[in-house]
Amino acid sequence: MEKTDIRVYEFNIFKKEENLVHGVFSRSGGTSTGSFDSLNIGMNSGDEKSAIFNNRKLIIKKMGMKPLVFLNQEHGDQIKILKKEDNDFSLIFEPGREIYTADAIISDMTGVFLVIQVADCQAVMLYDAQRKVIANVHSGWRGSIKNIIGKCLDKMVEEFNCQTGNIKACISPSLGPCCAQFINYKDEIPQNLWQYKIQDTEYFDFWQMSADQLLEKGVKENHIENMNICTKCNTREFYSYRAQKFTGRFACVISMV
Ligand SMILES: [Zn+2]
């Protein structure tokens with residue numbers, strides 16, 4: 001079997017931040033086989049658990065043996081707040097276990113990696129360098145409809161006194177407008193969001209929707225970066241649920257040092 005390396009993608013605006021460590025892991029370099037080939041971290045993907053544990057350990061190793069916090073994501077709008085002052089010792093950073101059920105997580109802790117797992121959905125990573133706060137949001141089309149991005153920004157303001165004008169936001173590889181076809185959009189997507197439908201098609205621009213949800217809350221345009229990589233168009237590098245159904249999840253991680 002050909003041995004491949006772990007490949008990590010980074011955002012330009014986050015690379016400039018000296019106290020920030022982050023990365024979008026491609027699907028290469030892991031131990032899963034078949035349609036899960038190879039760095040699958042999705043516990044509910046149907047892949048072998050031992051391979052998933054191994055892959056999570058590979059990511060921990062790559063990130064310098066720091067604790068990684070995985071979420072039990074359920075396309076909802078629950079937001080987990082992880083404050084250093086809470087001294088939450090229930091944090092058992094066991095690579096195989098999701099501790100919290102939520103679709104977004106915010107923290108002011110250093111040395112802890114917040115992980116979102118995706119295959120077409122967006123991971124939206126947020127950083128406020130002034131307040132020293134990070135967040136990671138899972139926003140698929142259901143999350144987009146619930147505006148979990150906006151709700152997470154509200155929580156950062158409420159819980160950590162962040163100013164949205166200081167927050168930088170990065171959008172992971174995800175389903176692009178080229179592939180986000182919603183045949184049943186009249187039943188699935190509320191009418192006030194049909195403005196994101198590309199004219200005379202059934203395709204939606206969820207990238208623009210996310211950018212607008214960030215801008216509406218006061219995030220500056222030059223503080224938003226989208227990799228503009230469509231997962232369905234790039235299945236050699238990333239997992240895509242739409243392209244393959246029986247597939248893995250790739251990892252998007254963010255941490256402060
Ligand atoms: Zn595409």
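Ser38 sits in the loop that runs between strand 2 (20-25) and helix 2 (49-62). In this predicted model, the peptide bond that leads from Asp37 into Ser38 is cis, with omega near -5°.

Beyond helix 2, the loop towards strand 3 (68-69) holds Met65. Met65 is not a glycine, yet its phi is positive, at about 60°. Its surroundings are sparse by the count used here: Met65 has 9 C-beta neighbours inside 10 Å and therefore counts as exposed, the limit for that class being 12 or fewer.

A second residue with a positive phi is Asn161, where the angle is near 55° and the residue is again other than glycine. Asn161 belongs to the loop between helix 4 (148-160) and strand 11 (167-171). Because Asn161 has 11 C-beta neighbours inside 10 Å, it counts as exposed.

The strand that follows this loop is placed otherwise. In strand 11, 5 of the 5 residues are buried, so the strand is largely enclosed by the rest of the structure. In a regular strand the side chains alternate between the two faces of the sheet. In strand 11, Ile167, Ala169 and Ile171 point one way, while Lys168 and Cys170 point the other way. Residues on both sides are buried, Lys168 among them.

Strand 11 has pairing partners that can be traced residue by residue. With strand 9 (residues 122-128) it pairs in the antiparallel sense, over 5 bridges. Strand 12 (residues 224-226) pairs with strand 11 in the parallel sense, over 3 bridges. Ile171 takes part in both of these arrangements: Val124 stands opposite Ile171, and Ile171 in turn stands opposite Asn226 in strand 12.

Another part of the model to follow is helix 3 (residues 141-146), which contains Ile145. Ile145 has 18 C-beta neighbours inside 10 Å and so counts as partly exposed; a buried residue would need 20 or more. Which residues is Ile145 in contact with, leaving aside its neighbours within four places in sequence? They are Ile189, Pro190 and Leu193. For the pair Ile145 and Ile189, the separation is 44 residues in sequence, whereas the C-alpha to C-alpha distance is 7.1 Å.

Technical notes. Residues numbered from 1 in each chain as written. Predicted model: local features only at pLDDT ≥ 70, side-chain atom pairs only at ≥ 80, totals over all residues. Helix = DSSP H or I, 4+ residues; strand = E, 2+ residues; numbered from the N terminus. Pairing = 2+ DSSP bridges. Contact = placed C-beta atoms within 7 Å.
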